[in-house]
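Colleague: Could you take a close look at the salt bridges for me, and at the part of the fold they sit in? I'd like to hear where the partners lie and how open they are to solvent.

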Amino acid sequence: MRKLFCFSIFLLLATLSSLPVFAGVLKGKVNDNKGEPLPFATVFVQGTTMGTTTNAEAQYQLHLQPGTHKVLCQYMGFKQASFTVTIKGDETITHDFSLQDQSLEMKAVVVKASAEDPAYAIIRKAIKRREFHLEQVKSFQTSTYLKAVLRNRAMPKSIPGLMSKKEGKEAKSEMGFDSSGKGIWYLAEQEAEYYAANGKERTIIRSVRESGDPNGFGTPELPPLITFYANNACQWETVAPRGFVSPISDNALHYYNYKYQGEFREGKYTVNKIQVIPKRDYEPLVHGTLYIVEDDWAIHSLDLLATTKSNLEFLDTLRFHQVF
């Protein structure tokens with residue numbers, strides 16, 4: 001049966017730090033080398049917890065204290081770029097980043113008929129370091145922005161016994177749908193502050209804006225903050241009550257296959273790109289790409305996807321895009 005509705009959720013996290021009043025502003029846009037905007041790219045000050053992400057139009061704004069700062073910009077699949085800025089006082093400086101495609105190199109390996117893919121050795125080391133990296137963050141503070149949209153892909157001309165063709169035409173007009181029946185039923189935006197320390201969590205809702213009739217599709221709670229250093233990631237009662245087995249969980253090798261796709265250099269670090277493949281459908285598993293830092297065996301970034309084959313409820317697709 002063709003699905004008539006599409007529900008999408010976007011959650012943006014911007015890490016904060018405790019700092020005095022800011023004096024200057026660095027702002028601009030992030031594009032690729034073809035001039036195409038890169039929304040939700042990460043922009044941060046090297047060696048600090050000060051950072052932000054670009055918005056849907058790929059624009060960013062970063063508040064800085066007086067002094068010289070090295071600002072880094074990164075986006076998955078692109079080379080990291082840097083810009084050194086000197087803030088003298090209450091001023092605004094504009095700088096646009098242009099990111100180049102990230103080229104991958106392949107490790108030299110001896111291929112044998114029974115040889116294991118190089119990705120498995122990397123994943124085993126990441127699994128051994130999983131708990132260490134999980135415990136590194138003792139406290140966490142972030143602002144969150146949630147946007148939820150419920151839209152229909154099509155609207156039937158009539159529903160036997162419920163809606164005649166004339167009523168369907170009138171309803172389509174009243175709801176502002178186009179001639180093909182596409183339109184938005186419900187839109188919600190939510191801003192909040194999240195705090196976690198010593199195993200305790202607190203969320204403060206700053207503002208909520210809604211339009212349309214949710215009819216039970218509202219967002220009474222924010223999605224959980226997700227870490228794939230946990231064995232079971234993203235336990236979200238209304239969407240993924242079982243959570244998902246992390247690709248570097250203690251038992252991950254029983255659930256996933258892995259494929260090495262190459263490596264690249266970022267500063268003094270070597271980063272490995274690994275494809276994550278579920279062994280079975282209809283289990284709480286994800287698929288996509290995982291980037292692991294050599295020697296540290298930490299997650300550099302990830303782009304993972306869960307679908308109805310991952311036992312999702314309510315949604316048909318959930319994407320995790322994280323840069324550490």
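Modeller: Sure. The count of salt bridges comes to eight, and keep in mind that this is a predicted model.

Let's start with Asp250 and Arg130, which form a salt bridge with their closest N and O atoms 3.2 Å apart. This pair links distant parts of the chain: Asp250 sits in the loop between strand S14 (244–245) and S15, while Arg130 belongs to helix H1, 120 residues apart. The two ends have their own surroundings: Arg130 is buried, at a relative accessible area of 5%, whereas Asp250 is partly exposed, at 46%.

Both S15 and H1 come up again in the sheet. Five strands make up an open sheet, in the order S15-S16-S17-S18-S19, with antiparallel pairing. Strand S15 (256–266) and strand S19 (317–323) are at the edges with a single partner strand each, so one side of each has no neighbour in the sheet. From one strand to the next, the twist averages 15 degrees. Helix H1 (residues 118–136) packs on this sheet and touches S15, strand S16 (269–278) and strand S17 (287–293). The direction of H1 makes about 85 degrees with that of S15.

Now for the S19 edge. Strand S18 (residues 299–307) pairs with S19 in the antiparallel sense over seven bridges. Asp303 has His321 in S19 as its bridge partner, and Asp303 also forms a salt bridge with Arg319, with 2.7 Å between the closest N and O atoms. Asp303 lies in strand S18 and Arg319 in strand S19, so this salt bridge ties together parts 16 residues apart in sequence. Asp303 is partly exposed at 21%, and Arg319 counts as exposed at 52% relative accessibility.

Asp303 matters for one more residue, Lys273 in strand S16. Lys273 is buried yet has no salt bridge. Its nearest side chain of opposite charge is Asp303, 8.7 Å away, and a salt bridge needs the nitrogen within 4 Å of a carboxyl oxygen. The residues Lys273 does touch include Leu104, Tyr260, Thr289, Leu290 and Tyr291.

There's also a pair in two other strands. Glu189 and Arg209 meet in a salt bridge at 3.8 Å, N to O, with Glu189 in strand S11 (residues 183–197) and Arg209 in strand S12 (residues 200–212), 20 residues apart. Glu189 is partly exposed at 21% relative accessibility, and Arg209 is partly exposed at 39%. Glu191 joins in too: Glu189, Glu191 and Arg209 are linked in a network of salt bridges.

How values were computed:
Residues numbered from 1 in each chain as written. Predicted model: local features only at pLDDT ≥ 70, side-chain atom pairs only at ≥ 80, totals over all residues. Heavy atoms only, no water. Pairing = 2+ DSSP bridges. Helix = DSSP H or I, 4+ residues; strand = E, 2+ residues; numbered from the N terminus. Axes fitted to C-alpha atoms, helices over the stretch in contact; angles between N-to-C directions. Contact = heavy atoms within 4.5 Å. Buried < 20%, exposed > 50% of the residue type's maximum accessible area, 1.4 Å probe, protein only. Lys, Arg positive; Asp, Glu negative; His and termini not counted. Lists of a residue's contacts leave out its neighbours within four places in sequence.
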